[in-house]
Amino acid sequence: MKIILGVSASVAIYKACDICRELSKAGHSITVAMTRTAVDWINPVLFEALSGNEVITDAIAGGMAHIDIRSGADLMLIAPATADLVARAAQGRADDIVTATLLAYDGPRWLAPAMNPSMYAHPATQASLAQCRSYGYRILDSADGEAVCGDVGQGKMMAVSDILAAVAAFKPAG
Ligand SMILES: Cc1cc2nc3c(=O)[nH]c(=O)nc-3n(C[C@H](O)[C@H](O)[C@H](O)COP(=O)(O)O)c2cc1C
C-alpha cells in the first residue's frame, strides 16, 4: 500500500519512527508529512532514511504538495495525533501540511491520538474526536496507562504493535 504517515508533536513522536520503519519493512511505500513543531523536534532526514522517500514539511512543501502527496495513497495515518491537531482536524483547518493533506485526501483517514490523560478526557478533545468520527475518520483509541508526565489514565497512543496490526488487517478499496 501507499501510506501517508502524518506526524505531529506529541511526546510519542519517537514511536512514529518505529511505525515508519516497520511499515516500510512490511513493503508499504511511506510518505511522511510533518507538522512544523514535529520538525522542530525530529529532523525529517531521519524519516527520510527510514522510509526511503522524501519527507513533506511546510518548509519544503511546494504550493501543491498537499494535493500531490495524496495521489494513489491507500491510507492516511496520523500517528501520533496531538490534541491540537485533533482540534484542527475537527474544525477542518488546513494551516499546516498535515491538516491540509487531511482535508485534501478523500481516502481512509486514521488518527492515533496521543496526549496526557486530562487533555484526552477534556470535553473539548472528546468533542473534537466525535466530530472527526462524524467525518468518517477512524480513531485508533488511545491506550490506558502511565503517561510520560506520570499521570495515569487513557490518553497515550495506541501501542505501535496494535497500530501495525490494524494497518495489516486493513484492505484498501479496489
Ligand atoms: C515536551 C512536550 C511534550 C508534549 N507532548 C504532547 C502530547 O503528547 N500530546 C499533545 O497533544 N500535546 C503535546 N505537547 C503539546 C504540543 O506539542 C503542542 O500543542 C503543539 O503546538 C502541537 O503542534 P502540532 O499539533 O502542530 O504538531 C507537548 C509539548 C511539549 C513541549
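**Figure 1. Arginine 21 in this predicted model is a partly exposed residue, having 16 other C-beta atoms within 10 Å.** The residue belongs to helix α1, which covers residues 13-25. Although arginine 21 and glycine 52 stand 31 residues apart along the chain, their C-alpha atoms are separated by 9.7 Å. The surroundings of arginine 21 also include helix α3, since Arg21 is one of the α1 residues that take part in the contact between α1 and α3.

**Figure 2. Helix α1 packs with helix α3 (residues 44-51) at an angle of about 20°, and the two axes are 8 Å apart.** At this angle the helices α1 and α3 are therefore roughly parallel to each other, and the crossing in which α1 passes α3 is right-handed. On the α1 side the contact is made by Cys17, Cys20, Arg21 and Ser24, while α3 contributes Leu46, Phe47, Leu50 and Ser51. Sorted by class, the contact of α1 with α3 has five nonpolar residues, two polar ones and one charged.

**Figure 3. Alanine 9 is found in the loop between β1 and α1.** With 19 C-beta neighbours inside 10 Å it counts as partly exposed, because the cut-off for a buried residue is 20 or more. Setting aside residues up to four places away in sequence, alanine 9 touches Thr35, Thr37, Ala38, Trp41 and Thr82. Alanine 9 and aspartate 84 are 75 residues apart in sequence, yet from C-alpha to C-alpha they are 9.3 Å apart in space.

**Figure 4. The largest nonpolar core of the model has 50 residues, and those with the most contacts inside it are Leu5, Ala79, Leu111 and Ala112.** Strand β3, made of residues 75-81, supplies the largest share of this core, namely six residues. In soluble globular proteins, nonpolar side chains tend to be buried together. When neighbours within four places in sequence are left aside, alanine 79 is in contact with Leu5, Ala16, Ile19, Ala112, Met157 and Ile163.

**Figure 5. A cis peptide bond joins alanine 79 and proline 80, with omega at about 0°.** Proline 80 lies in strand β3, the strand from which the largest share of the core comes. Its partner in the cis bond, alanine 79, is among the residues with the most contacts inside the largest nonpolar core.

**Figure 6. Helix α5 (residues 83-91) and helix α8 (residues 123-134) pack at an angle of about 50°, their axes being 8 Å apart.** The two helices, α5 and α8, are therefore oblique to each other, and their crossing is left-handed. The residues that meet here are Ala83, Val86, Ala87, Ala89 and Ala90 in α5 and Ala124, Thr125, Ser128, Leu129, Gln131 and Cys132 in α8. In the contact of α5 with α8 there are eight nonpolar residues, three polar ones and no charged ones.

**Figure 7. The axes of helices α5 and α6 come within 10 Å and cross at roughly 35°.** The crossing of α5 and α6 is right-handed. Leu85, Arg88 and Ala89 of α5 make the contact with Val98, Thr99 and Leu102 of α6, and by class the residues of this contact divide into four nonpolar, one polar and one charged. Ala89 of α5 has a part in this contact and also in the meeting of α5 with α8.

**Figure 8. Helix α6 (residues 97-104) is mostly covered, with six of its eight residues buried.** The buried residues of α6 are Ile97, Val98, Thr99, Ala100, Thr101 and Leu102, and they pack against β1 (2-7), β2 (29-34), α4 (65-68), β3, α5 and β4 (109-113). Val98, Thr99 and Leu102, which belong to this buried set, are also the α6 residues that make the contact with α5.

**Figure 9. Alanine 104 is a residue of helix α6 that counts as partly exposed, with 16 C-beta neighbours inside 10 Å.** Not counting its neighbours within four places in sequence, alanine 104 is in contact with His66, Ile67 and Arg70. The C-alpha atoms of alanine 104 and alanine 94, which are 10 residues apart along the chain, are separated by 9.0 Å.

Notes: Residues numbered from 1 in each chain as written. Predicted model: local features only at pLDDT ≥ 70, side-chain atom pairs only at ≥ 80, totals over all residues. Core = buried A, V, L, I, M, F, W, Y, C linked by C-beta atoms within 7 Å. Buried ≥ 20, exposed ≤ 12 C-beta atoms within 10 Å, placed from the backbone. Helix = DSSP H or I, 4+ residues; strand = E, 2+ residues; numbered from the N terminus. Contact = placed C-beta atoms within 7 Å. Axes fitted to C-alpha atoms, helices over the stretch in contact; angles between N-to-C directions. Parallel < 35°, antiparallel > 145°, perpendicular 65-115°, else oblique. Left-handed = near helix turned anticlockwise from the far one by under 90°. Nonpolar A, V, L, I, M, F, W, Y, C, P; charged D, E, K, R; others polar.
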